[in-house]
Amino acid sequence: MNHSVAGKEELQELRKDFVILSHNYQIPEIQDAADFVGDSLGLCRAAAKVDKPYILFCGVDFMAESAAMLNPDKTVVVPDFNARCPMAAMLPAKKLREAKEKHPDAAVVLYINTLAEARAEADILCTSANAVTIVNSIEEDKILFGPDKNLAWHVSRYTDKEIIPVPYYGHCRTHVFIKKEHVLEAKKKYPEAEVLIHPECYPEVQLLADYICSTEQMIKRAKESDAREFIIGTEVGLLHRLKKENPGKKFYAVLDKAICITMKKNTWDKFILALKEKKNVVKVDPVIAEKAREALDRMLETSSSKPPLGPVPVKLGEDIEGTERH
Ligand code: SF4
């Protein structure tokens, strides 16, 4: 831990009114200081159980909005307001309303990586861990799914429903850095390693996986698998936790440059400042929050009764049409 800004005792004093939540992609110092480290769904659940007046949310904008919506009586603070997910920004509410007008018979399932205004237009949310379960749990046969077209592609392979990506180009700027060639190279270098790939990666990358996993499913798979080595296709921040929780195993990032710049805006100095000043308070318009919360609550309810699948073994042998690069 970096003690240049705050020593151990000072940190203890500063954090006494806070529950600190950190996404798996945060810098190691923040992950180590957090009360809870996890993925979007895990953090949503942790935020809902919080028993302190403040939440310090170390992740990106849409995640902090979820925490604020689930905890209207708590103050949610972030280290940096500029930690905004570009994928979430790709689906403004207006664009979703246009798609709904075009497909009035479709249900709307949105990846949790969306902002409150778009969520207010959704029937239900999902995460990368539970997307397949959520889509298969709803009645409609036609689904508007946004904003990640690569996750939409993954879901479409595990359901009979018609999946319409909205927008057609939605993607994570970090995961699309990972190309097929990078995985092939890693597999050549580490032939014994099990390959775990995040569903925000391109389809052609997903097809090279042993398992398609959300970050939390990667943690689970790494613990349960008999393999001693793993090739990891996601943002490199996850490797800190994988190594920490599995000291006898080896983890190799498919691509060291798969770094989410926006997640890394939350530096240790800003983290300490946020605890000291309690200034960057996340606010969501109450009318929008109420509507958006319904979709979030529906996801949490469905997830409790229908737990997500474990890591999904990759399905091979299908074409990958319509998966052009950005
Ligand atoms: S990793 Fe991708 S989806 Fe996650 S916050 Fe960064 S840009 Fe958004």
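**Exercise 1. Which of the 13 residues around the ligand come nearest, and how is the shell composed by class?**

Step 1. Cys85, Met87, Cys172, Thr174 and Cys260 come nearest among the 13 residues around the ligand. A residue is near if its C-beta atom, placed from the backbone, lies within 6 Å of the molecule.
Step 2. By class, the shell has eight nonpolar, three polar and two charged residues. Nonpolar means Ala, Val, Leu, Ile, Met, Phe, Trp, Tyr, Cys and Pro; charged means Asp, Glu, Lys and Arg; the others, Gly among them, are polar.

The model is predicted: local features need pLDDT of at least 70, side-chain atom pairs count only at pLDDT 80 or more, and totals for chains, interfaces and linings use all residues. Numbering starts from 1 along each chain as its sequence is written.

**Exercise 2. In what order do the four strands of the open sheet lie, and which stand at the edges?**

Step 1. The order is S6-S5-S7-S8, with parallel pairing. Strands are DSSP E runs of at least two residues, helices H or I runs of at least four, numbered from the N terminus. Pairing takes at least two DSSP bridges.
Step 2. S6 (124-126) and S8 (162-165) are the edges; each has a single partner strand, so one side of each lacks a neighbour in the sheet.
Step 3. S7 (residues 142-146) joins S8 through four bridges. Isoleucine 143 has isoleucine 163 in S8 as its bridge partner.

**Exercise 3. What unit do S11, helix H13 and S12 make?**

Step 1. S11 (residues 229-233) and S12 (residues 250-253) pair in parallel over four bridges. Glutamate 229 is bridged to lysine 250 in S12.
Step 2. With H13 (residues 238-245), they make a right-handed β-α-β unit. Right-handed means that, with the strands pointing away from the viewer, the path from the first strand over the helix to the second runs clockwise.
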